[in-house]
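Reader: I should like to learn how to read the metal site and the open and enclosed spaces of a protein model. May we begin with the terms and then turn to the case at hand?

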Amino acid sequence: MSRLLLLLACLCLALPLRAETFIQRLLDRPVPGGVAVIDLGEAAAAPRASYRDRPVMVLRDGQRWIAVVGIPLGTAAGAQSLQVQAQGQTRRVDFEVGTKRYVEQHIKLANQRQVNPNPDDLKRIERELAEQVAAYRRFTPGTPSNVFLDRPVDGGRLSSPFGLQRFFNGEPRNPHSGLDFAVPAGTPVKAPAAGRVVLVGDYFFNGKTVFVDHGQGMVSMFCHLSAIDVKVGDEVPRGGLLGKVGATGRATGPHLHWNVSLNDVRVDPAIFIDAFKP
Ligand SMILES: [Zn+2]
């Protein structure tokens with residue numbers, strides 16, 4: 001009997017105070033451009049959470065509710081807070097953001113207009129940006145079919161990582177908002193989770209582009225495609241064909257550029273395919 005008690009005591013000591021949830025272990029990368037997975041406790045009904053005034057994904061993981069929060073690239077290290085509403089009350093849940101260093105990348109473009117667009121281009125770019133921002137700001141109630149995403153293309157090495165500080169022909173531009181896969185033109189691009197096609201376009205920078213809303217603010221964008229095989233309103237299953245890899249828009253050669261957005265924040269897609277490098 002006493003031996004059993006001793007064994008139980010040892011087991012209890014070995015367990016952490018509160019076990020990390022499955023999703024926490026796989027997705028919690030709380031750095032600028034990363035993801036914070038925050039425990040919201042146990043409750044019968046789902047709490048609602050927001051970060052920087054935008055709704056945030058809330059999922060059930062075992063017995064607990066968790067928030068899956070996208071952290072903007074420019075965020076300083078230190079405390080951040082989430083607003084959580086449950087049972088008619090609002091509380092603040094603090095979480096810590098660490099640091100991550102992103103390297104520079106210098107790209108040479110033969111087409112100078114893609115570095116310094118003319119006034120007509122700028123008008124077009126502004127219009128296209130507004131359209132794309134609206135797609136990222138969607139927050140539909142359905143829970144994603146899977147939050148550990150499938151790679152959108154088969155094979156291919158990861159080329160440019162997320163967050164690179166970019167210089168085009170020596171001039172600083174926005175950091176790299178997604179992850180690039182080096183794959184040949186024509187490679188099928190597949191939905192990394194089920195979702196609805198919410199925007200399709202042929203843009204100045206992004207070329208032929210598809211946006212898929214996976215639910216609860218998780219939105220994927222695929223760009224520089226050579227062909228698009230879906231239209232706005234289509235429901236695509238996990239693994240469903242979206243289009244083919246190309247080099248349309250501002251691209252130096254065929255590759256797939258994939259963005260993942262949470263709560264209107266572009267985060268590192270590598271996190272969701274278990275390829276994150278700290
Ligand atoms: Zn890219």
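Author: Let us begin with burial: a residue counts as buried when its relative accessible area is under 20%. The model shown here is predicted. In this model His176 is buried, and His257 is buried as well.

Reader: Which atoms coordinate the zinc ion, and at what distances?

Author: A donor is an N, O or S atom within 2.8 Å of a metal such as zinc. Here the zinc ion is coordinated by NE2 of His176, two OD atoms of Asp180 and ND1 of His257, at 2.0 to 2.8 Å. Along the chain, these donors follow the spacing H-x3-D-x76-H. The two histidines link distant parts of the chain, being 81 residues apart: His176 lies in the loop between strand S11 (171-172) and strand S12 (179-182), whereas His257 belongs to strand S19 (residues 256-262).

Reader: Why is the arrangement of the donor atoms around the zinc ion irregular?

Author: Four donors count as tetrahedral if all angles lie between 85 and 135 degrees. The 4 donor atoms around this zinc ion subtend angles of 52 to 153 degrees, and the arrangement is therefore irregular.

Reader: How should I read the largest pocket, and where does it lie?

Author: A pocket is an open set of grid points, and its lining consists of residues with an atom within 4 Å of a point. The largest pocket holds about 1300 Å³ of space. It is lined by 48 residues, of which Asn174, Pro175, Ser177, Asn206 and Arg250 are the closest to its centre. Domain 1 (22-97) and domain 2 (104-272) both contribute to this lining, so the largest pocket lies between them.

Reader: Which element gives the largest share of that lining, and what is the division by class?

Author: Helix H3 (119-136) is among the elements that each supply at least two residues, and H3 provides the largest share, 8 residues. The lining of the largest pocket comprises 23 nonpolar, 15 polar and 10 charged residues.

Reader: What is the volume of the second largest pocket, and which residues are closest to its centre?

Author: Its volume is about 270 Å³. Of its 15 lining residues, Lys100, Pro161, Phe162, Asp268 and Lys277 are the closest to the centre. The lining of the second largest pocket divides into 10 nonpolar, 1 polar and 4 charged residues.

Reader: How many cavities of 30 Å³ or more does the structure hold?

Author: In a cavity, a 1.4 Å probe fits but cannot get out. The structure holds 1 cavity of 30 Å³ or more, and the largest cavity contains about 40 Å³ of space. Its lining includes Arg54, Tyr136 and Asp264, and divides into 3 nonpolar, 2 polar and 4 charged residues.

Conventions: Residues are numbered from 1 along each chain as its sequence is written. This is a predicted model: local features need pLDDT of at least 70, side-chain atom pairs count only at pLDDT 80 or more; totals for chains, interfaces and linings use all residues. Side-chain values use heavy atoms; hydrogens and water are left out. On a 1 Å grid over the protein atoms alone, a cavity is a set of points where a 1.4 Å probe fits but cannot get out, and a pocket is an open set with protein on both sides within 12 Å along at least five of seven lines; lining residues have an atom within 4 Å of a point. Grid points are joined across faces, edges and corners, and a volume is the space filled by probe spheres set on the points. Ala, Val, Leu, Ile, Met, Phe, Trp, Tyr, Cys and Pro count as nonpolar, Asp, Glu, Lys and Arg as charged, and the others, Gly among them, as polar. Donors are N, O and S atoms within 2.8 Å of the metal (3.2 Å for Na, K and Ca); water is not among the atoms, so sites may look incomplete. Four donors count as tetrahedral if all angles lie between 85 and 135 degrees; four count as square planar and six as octahedral if opposite donors are over 155 degrees apart and all others between 65 and 115; anything else is irregular. Helices (H or I, at least four residues) and strands (E, at least two) are DSSP runs, numbered from the N terminus. Buried means under 20% relative accessible area, exposed over 50%, partly exposed in between (1.4 Å probe, protein chains only). Domain bounds come from an automatic or database domain assignment.
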